[in-house]
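Good morning, and thank you for making time. I would like to take you through one sheet, the helix packed against it, and then the nonpolar cores, so please have the structure open as we go.

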Amino acid sequence: MPGERLTVRRISDVGRFPGAAPPTRVELSIHKEGEKTTEDTACRRWFRKMCPCCCKCQKSNTYDVTDKVELVNPPTPIPELDGPKPENGDSKEMEVVKLSVRSVDLLSSKTGTNRQEHHTDLYHTEELIIRRGQTFQIELELNRPFSADTDKLHLDLRTGPLPQVSKGTHVIIPLVDTLDNKRWGAKIEEQKNNKVKLSVKSTANAAIGLYGLTVTTSPLKNETPNIYTSSKNIIMLFNPWCAEDTVFLDDEEERKEYVLNDTGRIYYGTENQIGARTWNFGQFQEGILEACLFVLEKSDMPPSGRGDPVNVVRVISAMINALDDYGVLIGKWSGNYSDGVSPAAWSGSVEILRKYHSSNGMPVSYGQCWVFSGVTTSVLRCLGIPARSVTNFQSAHDTDVSLTTDVYFDEDMEPIDYLNSDTVWNFHVWNDCWMARPDLPHGHGGWQAVDSTPQETSQGTFRCGPASVTAIRSGQVYLKHDTPFVFAEVNSDKIYWQRNPDGTFSQIHSEKKAVGHSISTKAVGSDQRADITHLYKHQEGSEEERIAVETACRFGSKPDVYSSPMAEDVRVEVRMEGEGPRMGADARLSIVVKNLSSEPRRTTLHCQVAVMYYTGVVKGTIKKEQLPVELLPNEEQTIEWVLPYQQYQNQLVDQAALMLTLSGRVNETKQVLANQTCFRLLTPDLNITPLGEAVVGKEMAAKITFTNPLPRMLNGVLFRVEGLGLQKGHEVFVGDVSGHSTVTLTEHFVPTQPGPRKLVASLDCKQLTQVHGVADIVVLEQ
């Protein structure tokens with residue numbers, strides 16, 4: 001309304017004003033400028049009623065006459081009347097008490113109908129948390145019974161620092177006879193004496209966030225209204241249960257998994273050695289909803305834009321990393337994390353989000369892709385957007401928008417390091433989120449890829465997505481947002497180039513199945529791995545897949561890359577026995593070379609193995625050798641390749657990842673052979689054994705056992721233990737652990753929540769990472 005001034009004040013022990021009373025809330029007060037009140041109006045009206053003859057010159061429509069007297073007996077004295085009381089015996093008529101609100105009950109109890117029906121009963125807060133597009137109830141206590149014949153009443157919801165009706169941030173909710181799905185409305189469901197129960201319907205495109213509520217009452221005539229401001233706020237979330245909401249997910253089991261499940265699995269390693277770790281998303285834990293709303297506020301995203309999940313997801317993608325905008329997490333891949341927490345040591349998002357919120361937005365140290373993804377899943381699920389963490393093995397990082405992964409060699413077939421900016425990560429973790437895409441051509445809704453790990457900028461900011469997975473699969477890279485980048489991650493071909501004597505480059509080889517393998521996420525309703533590669537790409541080598549690749553590349557920076565087909569009659573591949581090499585032992589692989597022709601073939605394989613970060617960035621080469629190979633017609637040879645423990649023991653970085661590169665040229669045909677194989681050295685698990693019966697309020701214990709797999713000392717070993725509903729996350733410093741020795745740690749704790757729970761532990765030290773374990777514990781009611 002013109003002249004209104006909205007004041008927003010936050011109160012939080014973990015927000016912008018440390019030390020103040022929790023929880024985070026917004027208090028709204030309205031100050032109207034230029035508004036005057038006339039004190040003699042009520043007296044004059046009473047005088048006219050008592051002596052109309054003296055006032056017959058006045059027009060009848062300048063005052064109202066009450067034909068009926070209602071006597072109200074509230075438990076407290078009747079508030080002031082509109083005018084002075086008549087003396088006894090002067091008249092049987094009395095001025096009706098002006099309607100006002102004494103209190104508002106938002107019915108926000110976690111066990112109440114509102115929270116149960118809106119699937120928000122798991123949040124640890126007493127605020128009213130509702131989902132848009134769905135009806136909720138509130139109760140008003142008035143100073144007298146409400147009469148539709150003489151009274152007016154409406155609700156106002158306001159969000160953001162400058163609420164405006166035109167932008168949907170100031171919502172005026174009128175009383176209506178029938179609720180309509182397409183507009184806000186409030187309907188009287190029950191009225192008993194001075195109490196009125198209202199059903200309030202929100203629209204399915206309402207902006208999410210924190211709203212302040214006021215109730216305005218007034219007579220039907222134009223008189224000064226009474227405005228009551230609720231002391232409690234309303235938090236609006238997206239609604240996957242509402243068919244009109246663009247995040248609607250039409251499967252109850254998937255809603256339980258992708259919105260309500262507060263733990264999950266994140267996959268890592270290599271395609272042949274897939275590891276899994278449990279991650280506590282903790283979206284319902286105390287303070288996390290407030291932290292997620294704080295992240296939105298820090299983004300400076302206008303509240304009017306918070307009704308569109310595409311906008312919200314894009315902002316979250318940018319805000320989870322600290323580049324550009326002082327977001328939640330600082331990324332670091334150097335291996336030195338002494339001034340923060342090692343990315344491998346985190347086991348959940350709760351501590352990270354709480355740290356960010358309590359520090360008023362100081363980025364948390366440190367994160368890598370699975371941490372960025374885990375926090376993104378937490379925030380999106382918390383806000384009501386279905387989300388999951390997704391791992392892509394052999395994930396390409398295209399730096400020049402060619403939609404190919406390019407590898408450059410010099411005249412002697414040695415890699416040209418300064419040109420090889422495109423990389424292939426052993427694995428990369430991002431997110432899928434579910435929503436309709438009315439901004440794209442029909443058929444591109446559903447799962448959307450979003451990535452919070454800072455790799456390349458998008459419209460000047462480190463963010464990625466949401467990109468339609470359907471568009472990625474079909475090669476429609478011209479559709480927003482950042483579809484070309486994600487396409488290259490999962491389905492680009494690896495193109496090998498050799499420098500000519502004149503400085504130009506010629507394409508000498510291509511690998512069509514080099515990237516995008518075993519794309520994985522946690523299965524619905526279980527801890528099993530679900531392979532969703534088919535959602536991102538057609539079957540490798542199929543006609544549909546080739547069409548998608550060539551369609552995409554026409555929009556890249558090298559559209560003619562597929563113009564020259566090449567003959568291939570010698571193949572080379574690398575095989576691994578069982579689960580693969582283990583940390584602390586020699587690494588053994590098999591190189592298989594096959595001649596598919598009816599003629600003999602000769603070549604020399606150049607072999608080099610490099611230590612690498614899981615992102616595909618090479619730290620350094622630790623072994624090089626040349627292997628001469630002579631093949632008879634149709635012969636297959638197997639070469640046993642060994643990397644001794646002594647050669648890699650002091651060279652490894654975070655993920656214990658290695659890359660074996662093979663290259664060569666067939667003498668007879670000049671065919672180029674090229675292969676890159678990434679593998680990791682397997683680390684042991686932490687064994688967690690529950691001890692005693694798990695009952696709410698009753699102490700129990702769990703034994704955590706670890707055996708050092710290395711023939712050397714581990715220095716400064718630290719355990720991190722956490723279990724939602726079991727115990728808060730904490731650290732246990734163990735110290736030095738000698739080679740091949742076993743450590744046993746017993747944790748004592750008191751479960752606080754019933755049902756299936758997970759106790760998660762991880763080990764952190766400089767010499768060994770990615771050691772973790774989980775125990776499933778079913779907690780009984782007391």
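Before I name any pairs, one convention: two strands are taken as paired if DSSP finds at least two bridges between them. Please also keep in mind that what you see is a predicted model.

With that in hand, take strand β25, residues 517-522, which pairs with β26 in the antiparallel sense over three bridges; at the level of single residues, Ser520 has Asp531 in β26 as its bridge partner.

That pair belongs to an open sheet of six strands, which pair in the antiparallel sense and follow the order β22-β19-β18-β16-β25-β26. The edges are formed by β22, at 464-468, and β26, at 529-531, and because each of these has a single partner strand, one side of each is left without a neighbour in the sheet. Ignoring direction, neighbouring strands of this sheet are turned against each other by 30° on average.

Across this sheet lies helix α9, residues 483-491, which spans β16, β18, β19, β22 and β25 and runs at about 70° to β16.

Turning now to the cores, the largest nonpolar one has 63 residues, and Trp370 and Leu383 are those with the most contacts inside it. Helix α7, residues 369-383, supplies the largest share of this core, namely nine residues. If we set aside neighbours within four places in sequence, Leu383 is in contact with Ile208, Leu237, Phe238, Cys292, Leu293, Leu296 and Val312. Apart from this core lies another, of 59 residues, among them Val611, Tyr613, Ile639 and Ala761.

Methods:
Residues numbered from 1 in each chain as written. Predicted model: local features only at pLDDT ≥ 70, side-chain atom pairs only at ≥ 80, totals over all residues. Heavy atoms only, no water. Helix = DSSP H or I, 4+ residues; strand = E, 2+ residues; numbered from the N terminus. Axes fitted to C-alpha atoms, helices over the stretch in contact; angles between N-to-C directions. Contact = heavy atoms within 4.5 Å. Core = buried A, V, L, I, M, F, W, Y, C linked by side-chain atoms within 4.5 Å. Buried < 20%, exposed > 50% of the residue type's maximum accessible area, 1.4 Å probe, protein only.
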